[in-house]
Amino acid sequence: MSKQNKAPETEAVDTQIAELTADLQRMRADFENYRKNVERDKAFLVAATERKVLIRFLPVLDDIERAAGHVPAELADNPWAEGVANLTKKLAAALKEVGVTKINAQSGSKFDPNLHEAVTSGNNGEKITEELRSGYLLDGEVIRPSMVNVD
């Protein structure tokens with residue numbers, strides 16, 4: 001049956017079907033975009049929360065590392081002191097599992113303003129002379145720069 005032979009009621013129904021089909025397609029596309037946006041926002045929120053928790057945890061790790069690094073010689077073989085030293089290794093391993101790595105800020109390495117925060121600067125400020133506080137990356141992104149002295 002050609003379009004010319006259709007009754008006006010049939011043409012109206014066909015037009016309405018076409019309009020409703022287009023509306024449905026738009027609604028499906030809108031819903032798919034909404035779903036993608038929700039998933040993206042959810043992933044961003046999870047990453048931001050993880051980052052925030054890790055940043056709050058880093059000062060605790062600093063304190064434990066300082067304690068392990070200042071064990072008196074007479075306590076070097078003490079099981080408790082060894083436990084504290086092992087705790088720093090376990091914490092470092094746990095952080096590595098979630099994508100946290102320590103920034104290289106050893107004495108003599110090159111100063112990088114993207115990774116390091118200079119507290120004092122000497123002549124040319126190109127070489128690190130001392131690390132004052134460890135810095136960390138989370139999946140390659142700086143979550144806390146290393147605090148260093150440079151010369």
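Trainee: What makes Leu138, Glu141, Val142 and Ile143 contacts of Arg51?

Mentor: In this predicted model, Arg51 touches Leu138, Glu141, Val142 and Ile143, with residues up to four places away in sequence not counted. The word contact requires heavy atoms within 4.5 Å. Arg51 itself is found in helix α1.

Trainee: Why is Arg51 called partly exposed?

Mentor: Buried would need under 20% relative accessible area and exposed over 50%. Arg51 has 26%, so partly exposed is the term.

Trainee: How do you know where helix α1 lies with respect to the strands?

Mentor: Helix α1, residues 8-69, lies across β1, β4 and β5. Its direction is about 55 degrees to β5.

Trainee: What makes the sheet of β1, β4 and β5 an open one, and which strands stand at its edges?

Mentor: The order is β1-β4-β5, with antiparallel pairing. β1 (100-102) and β5 (141-144) each have a single partner strand, so one side of each has no neighbour in the sheet, and these two are the edges. Neighbouring strands are turned by 40 degrees against each other on average, direction ignored.

Trainee: How do you know that β4 and β5 pair?

Mentor: Pairing takes at least two bridges. β4, residues 136-138, and β5 have three bridges in the antiparallel sense, so they pair. Leu138 stands opposite Glu141 in β5.

Trainee: How do you know that the span of helix α2 agrees with its number of residues?

Mentor: α2 covers residues 79-97, which is 19 residues. At 1.5 Å a residue it should span 27 Å, and its end C-alpha atoms are 27 Å apart, so the two agree.

Trainee: Which residues of α2 are called buried, and why are they said to line one face?

Mentor: Ala81, Val84, Thr88, Leu91 and Leu95 are buried, the cut-off being under 20% relative accessible area. Down the axis of α2 the buried residues fall within an arc of 70 degrees, so they line one face of the helix. Among the elements that cover them are α1 and β1.

Trainee: What does the face of α2 turned away from the buried side carry?

Mentor: That face carries the exposed residues Pro79, Lys89, Lys90, Lys96 and Glu97. Exposed requires over 50%.

Trainee: What makes the approach of Asn78 to Trp80 at the start of α2 a polar contact?

Mentor: A side-chain oxygen of Asn78 comes to within 2.6 Å of the backbone nitrogen of Trp80. The limit for such a pair is 3.5 Å, so the distance criterion is met. After α2 comes Gly99, with a positive phi near 95 degrees.

Notes: Residues numbered from 1 in each chain as written. Predicted model: local features only at pLDDT ≥ 70, side-chain atom pairs only at ≥ 80, totals over all residues. Heavy atoms only, no water. Helix = DSSP H or I, 4+ residues; strand = E, 2+ residues; numbered from the N terminus. Axes fitted to C-alpha atoms, helices over the stretch in contact; angles between N-to-C directions. Expected span 1.5 Å × (residues − 1). Buried < 20%, exposed > 50% of the residue type's maximum accessible area, 1.4 Å probe, protein only. Arc of directions from axis to C-beta. Polar contact = N/O pair within 3.5 Å; in protein donor to acceptor, adjacent residues only side chain to side chain.
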